[in-house]
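Q: Could you walk me through how to read a few features of a protein model, one at a time?

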Amino acid sequence: MLNGEKILFSAMQSTGKLTLGNYVGALKNWGKLTEEYRCFYSVADLHSITVRQDPAALRKNARDVLMTYIASGLDPKKNCIYYQSHVSAHAELAWMLDCFTYMGELNRMTQFKDKSAKHADNINAGLFTYPVLMAADILLYQADVVPVGNDQLQHLELARDIALRFNHVYGDVFTVPEPYLGKHGARIKSLQDPTQKMSKSDENPNGCIYILDDHDTIMRKCKRAITDSGSEVLYSDDKPGIKNLIDIYTSMTGKTPEEVEKEFEGKGYGEFKTAVGEAVCSELDPVRQEYERLSKDKAYVDALIKENAETARYYAEKTLRKVRKKIGFPEIVR
Ligand code: TYM
């Protein structure tokens, strides 16, 4: 709680271009929650370096993520939008929480297993302790809720366990966070392989719609989406391609899968895919336009970055002071 308001924290990695999965699973929900909570939205650039990054690309991606947050409608005057690397308390708390996390817990994380299989030549310690940094992100701001897609639920569960364990030893230090899952599209799949999640690291660019893709590219990717045998638009596990497109369409339009089935009864896949493309464009075109406007206003964005980092540091330090004292580190004399 902050001045009677509940606190929300969430973040995205800046490893590449944000996808429609990020938009539906996270950003779109974030926008709906800003009135209800005091919100902290971080660009998780510290998290990004578990995989080698080109410095210039990392810097650009991080700025693009930050501007996309704002372009999607998050007001940077009301929400604290900042780079994780600008607040050193994240890394500091992560170390302390490392000492309250068991190897066995981290070994069970499915994302660690997946990523270490994918990057077998670089299974670094950061990849392993990644979920602890994530717990530090959340607990630093005493978050009550954390909106995420399905794939992050296991990490969130761990953050809760760490908070409870720490509180058990030292008393009530951390708020124990709750996940917040949106109604639709908690897991958007690749357009080319609907058994896989739509991901920034997808090797097939047609599988993935990027938030900043232009209108024609989005339409083309939707039209080329893999569909299933048959021709009926049905929401069924036997039709993973169409089911995924229905998930996308429902999350764009607010319609239910049953309404979508009815709307496209007797119509073919082609017509449906065009409608999906148009629905995605009508949502993402304004985001891209606003992003382009912001890209040209460097001074405005720089000022926001500075101001919001100060706010984030203020609240993060407050928690960190409490944690340091509880653990028993000597007080810093200023
Ligand atoms: P990241 O960067 O992979 O994804 C950011 C958010 O987007 C959601 N998401 C999806 N939702 C639906 N369908 C998809 N295909 C899809 N792909 C991504 C994710 O669930 C997430 O909500 N470790 C986190 C970033 C992070 C974080 C945090 C999140 C760092 N610290 C603290 C919450 C709280 C990550 O890699 O998300």
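A: Happily. Let us begin with burial: a residue is called buried when its relative accessible area is under 20%, and exposed when that area is over 50%. One thing to keep in mind throughout is that this is a predicted model.

Q: With that cut-off, is C281 buried or exposed?

A: C281 is buried, because its relative accessible area is 1%. C99 is exposed, because its relative accessible area is 52%.

Q: How many disulfides does a search of the whole structure find?

A: To count as a disulfide, two cysteine sulfur atoms must lie within 2.5 Å of each other. The search of the whole structure finds 0. Take C281 as a case: the closest cysteine sulfur to its own belongs to C222 and is 7.0 Å away, so the pair is too far apart for a bond.

Q: Now the ligand. Which residues come nearest to it?

A: There are 27 residues around the ligand, and Y130, D137, G149, D151 and I188 come nearest. Two of these names return when you look at polar atoms. The side chain of D137 places a polar atom 2.6 Å from a ligand nitrogen, and an N or O atom in the D151 side chain is 2.5 Å from a ligand oxygen. Q152 also takes part, with a polar side-chain atom 3.3 Å from a nitrogen atom of the ligand. As for cover, the ligand taken alone exposes 700 Å², and the protein buries 97% of that.

Q: Which element gives the most to the shell around the ligand?

A: That is β1, which contributes 5 residues. At least two shell residues come from each of β1 (7–13), α1 (20–33) and α7 (125–140). By residue class, the shell divides into 13 nonpolar, 9 polar and 5 charged.

Q: I see a loop between β1 and α1. What does T19 touch there?

A: T19 does lie in that loop, and it is buried, because its relative accessible area is 1%. Setting aside residues up to four places away in sequence, T19 touches M198, S199, K200, C208, I209, Y210 and I211. Its side chain also reaches the backbone nitrogen of G21 at 3.1 Å. Sequence separation and spatial separation are two readings worth taking together: T19 and L33 are 14 residues apart in sequence, with their C-alpha atoms 20 Å apart.

Q: How should I read the phi angle of Q142?

A: Start with the general expectation: most residues other than glycine have a negative phi. Q142 has a positive phi of about 55°, although it is not a glycine. Q142 sits in the loop between α7 and β4 (145–147), and it counts as buried, because its relative accessibility is 14%.

Q: And for a loop residue such as D172, buried or exposed?

A: D172 counts as exposed, because its relative accessibility is 71%. You will find D172 in the loop between α8 (153–170) and β5 (178–180). Beyond its neighbours within four places in sequence, D172 is in contact with N167 and K322. From D172 to V132 the C-alpha distance is 19 Å, across 40 residues of sequence.

Q: Let us turn to helices. Where is N308, and which backbone oxygen does its side chain reach?

A: N308 is in helix α13 (residues 298–327). Its side chain reaches the backbone oxygen of P76 at 3.4 Å. P76 is also among the residues that N308 touches, along with N79, C80, I81 and Y82, if residues up to four places away in sequence are not counted. N308 counts as buried, because its relative accessibility is 6%.

Q: What is N244 in contact with?

A: Leaving aside neighbours within four places in sequence, the contacts of N244 are I188, K189, S190 and L191. One of them, I188, was named earlier among the residues that come nearest to the ligand. N244 itself belongs to helix α10 (residues 240–253) and counts as buried, because its relative accessibility is 3%.

Q: One last case: where is P257 found?

A: P257 is in helix α11 (residues 257–263), and it counts as buried, because its relative accessibility is 17%. Outside its neighbours within four places in sequence, P257 is in contact with Y235, I246 and T250. P257 and Y235 are 22 residues apart along the chain, and their C-alpha atoms are separated by 6.4 Å.

Key. Residues are numbered from 1 along each chain as its sequence is written. This is a predicted model: local features need pLDDT of at least 70, side-chain atom pairs count only at pLDDT 80 or more; totals for chains, interfaces and linings use all residues. Side-chain values use heavy atoms; hydrogens and water are left out. Buried means under 20% relative accessible area, exposed over 50%, partly exposed in between (1.4 Å probe, protein chains only). Helices (H or I, at least four residues) and strands (E, at least two) are DSSP runs, numbered from the N terminus. Contact means heavy atoms within 4.5 Å. A residue is near a molecule or strand if one of its heavy atoms lies within 4 Å of it. A polar contact is a pair of N or O atoms within 3.5 Å; within protein, one must be able to donate a hydrogen and the other to accept it, and residues adjacent in sequence count only if both atoms are side-chain atoms. Accessible areas come from the Shrake-Rupley method with a 1.4 Å probe; for residues, only the protein chains shown count as cover. Ala, Val, Leu, Ile, Met, Phe, Trp, Tyr, Cys and Pro count as nonpolar, Asp, Glu, Lys and Arg as charged, and the others, Gly among them, as polar.
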